[in-house]
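Please look over the structure below and keep it in view while reading. The report takes up its parts in turn.

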Amino acid sequence: MRRFWISSKKNRLDKLRRELRKVTPAMRGQRPRPRGRRAEDDIHNQIVTIRTGLESVGDAGVLVKDIDMGLVDFPSLRDGQIVYLCWIIDEPDIAYWHDVDAGFQGRRPL
């Protein structure tokens with residue numbers, strides 16, 4: 001399965017959060033930097049990277065709907081109305097669309 005690069009960053013973030021939950025608060029404050037503190041720093045860095053990536057994608061007019069699925073929408077005109085072309089990363093082509101207020105459940109073939 002191909003992965004949306006932001007999705008792989010989010011998977012890493014989820015893993016780091018799970019690791020951090022295993023570390024007690026007392027262990028986080030120890031020196032030298034314990035595993036928990038490194039995980040907190042890594043989490044922060046992943047969040048910044050994801051946020052920057054989402055902003056970049058959004059600036060290109062793409063709406064990221066679900067990072068884990070790699071689901072994105074692209075505004076488009078269809079019969080004079082604004083609609084969204086809908087694509088999931090594993091689909092070979094953009095082959096679906098939906099009304100702006102319909103969401104993923106309202107997907108229809110082009």
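## A charge over a ring

In this predicted model, R107 lies over the face of Y96. The distance to the ring centre is 3.9 Å. Y96 also has a place in the strand pairing, where Y96 stands opposite P109 in strand 5.

R107 has a second contact. Its side chain meets that of E91 in a salt bridge, 2.7 Å from N to O. E91 lies in the loop between strand 3 (81-88) and strand 4 (96-99), and R107 lies in the loop between strand 4 and strand 5 (108-109), so the pair ties together parts that are 16 residues apart in sequence. Are E91 and R107 buried or exposed? Both are buried. The cut-off for that label is under 20% relative accessible area.

Rings meeting rings are another matter. How many aromatic pairs does the structure hold? The count is zero.

## The overall plan

The protein chain has three helices and five strands. Read along the sequence, the pattern is α-α-α-β-β-β-β-β. In other words, the three helices come before the five strands.

The protein chain has 110 residues. Buried residues make up 29% of them.

## The sheet

The five strands form an open sheet. Their order is 1-2-3-4-5, and the pairing is antiparallel. Which strands stand at the edges? They are strand 1 (63-66) and strand 5. Each has a single partner strand, so one side of each is left without a neighbour in the sheet.

Look next at how particular strands are joined. Strand 3 and strand 4 run antiparallel, and four bridges join them. Within strand 4, H98 is the bridge partner of Y84. Strand 4 also pairs with strand 5, again in the antiparallel sense, over two bridges.

## Salt bridges

Start with the general idea. Side chains of opposite charge can pair when their charged atoms come close.

How many salt bridges does a search of the whole structure find? It finds five. The E91 and R107 pair, described above, is a salt bridge. Another joins the side chains of K10 and D14, at 2.9 Å from N to O. K10 and D14 are four residues apart in helix 1 (residues 5-21), so about one helical turn separates them. K10 counts as partly exposed because its relative accessibility is 21%. K10 and D14 also belong to a network of salt bridges that includes D68.

R108 and D99 offer a further case. Their side chains meet in a salt bridge of 2.9 Å, N to O. How accessible are the two partners? R108 has 36% relative accessibility, so R108 counts as partly exposed. D99 has 30%, so D99 counts as partly exposed too.

## Strand 2 and the loop after it

Strand 2 covers residues 71-78. F74 lies in strand 2. With 22% relative accessibility, F74 counts as partly exposed. Which residue is 6.7 Å from F74 in space, C-alpha to C-alpha? That residue is G61. F74 and G61 are 13 residues apart in sequence.

L77 is also found in strand 2. L77 has 64% relative accessibility, so L77 counts as exposed. The cut-off for exposed is over 50%. L77 joins I82 and V100 in a nonpolar patch on the surface. Together, the three have about 310 Å² of accessible area.

D79 is found in the loop between strand 2 and strand 3. Its relative accessible area is 76%, so D79 is exposed. The backbone of D79 deserves a look as well. Its phi is near 50°, a positive value in a residue other than glycine.

## Picture to keep

Return to the structure and trace these points once more. Follow the chain through its three helices and then its five strands. Find strand 1 and strand 5 at the edges of the sheet. Then find R107, which lies over the face of Y96 and meets E91 in a salt bridge. Finish at the surface, with the nonpolar patch formed by L77, I82 and V100.

Definitions and conventions:
Residues are numbered from 1 along each chain as its sequence is written. This is a predicted model: local features need pLDDT of at least 70, side-chain atom pairs count only at pLDDT 80 or more; totals for chains, interfaces and linings use all residues. Side-chain values use heavy atoms; hydrogens and water are left out. Patches are made of residues with over 30% relative accessible area and no salt bridge: like charges are joined within 9 Å, nonpolar side chains (Val, Leu, Ile, Met, Phe, Trp, Tyr) within 5 Å. Accessible areas come from the Shrake-Rupley method with a 1.4 Å probe; for residues, only the protein chains shown count as cover. A salt bridge is a side-chain nitrogen of Lys or Arg within 4 Å of a carboxyl oxygen of Asp or Glu. Buried means under 20% relative accessible area, exposed over 50%, partly exposed in between (1.4 Å probe, protein chains only). Two strands pair if DSSP finds at least two bridges between them. Rings of Phe, Tyr and Trp (its six-membered ring) pair if their centres lie within 6.5 Å; planes under 30 degrees apart count as stacked, over 60 as edge-to-face and the rest as tilted. A charge sits over a ring if NZ of Lys or CZ of Arg is within 6 Å of the ring centre and within 35 degrees of the ring normal.
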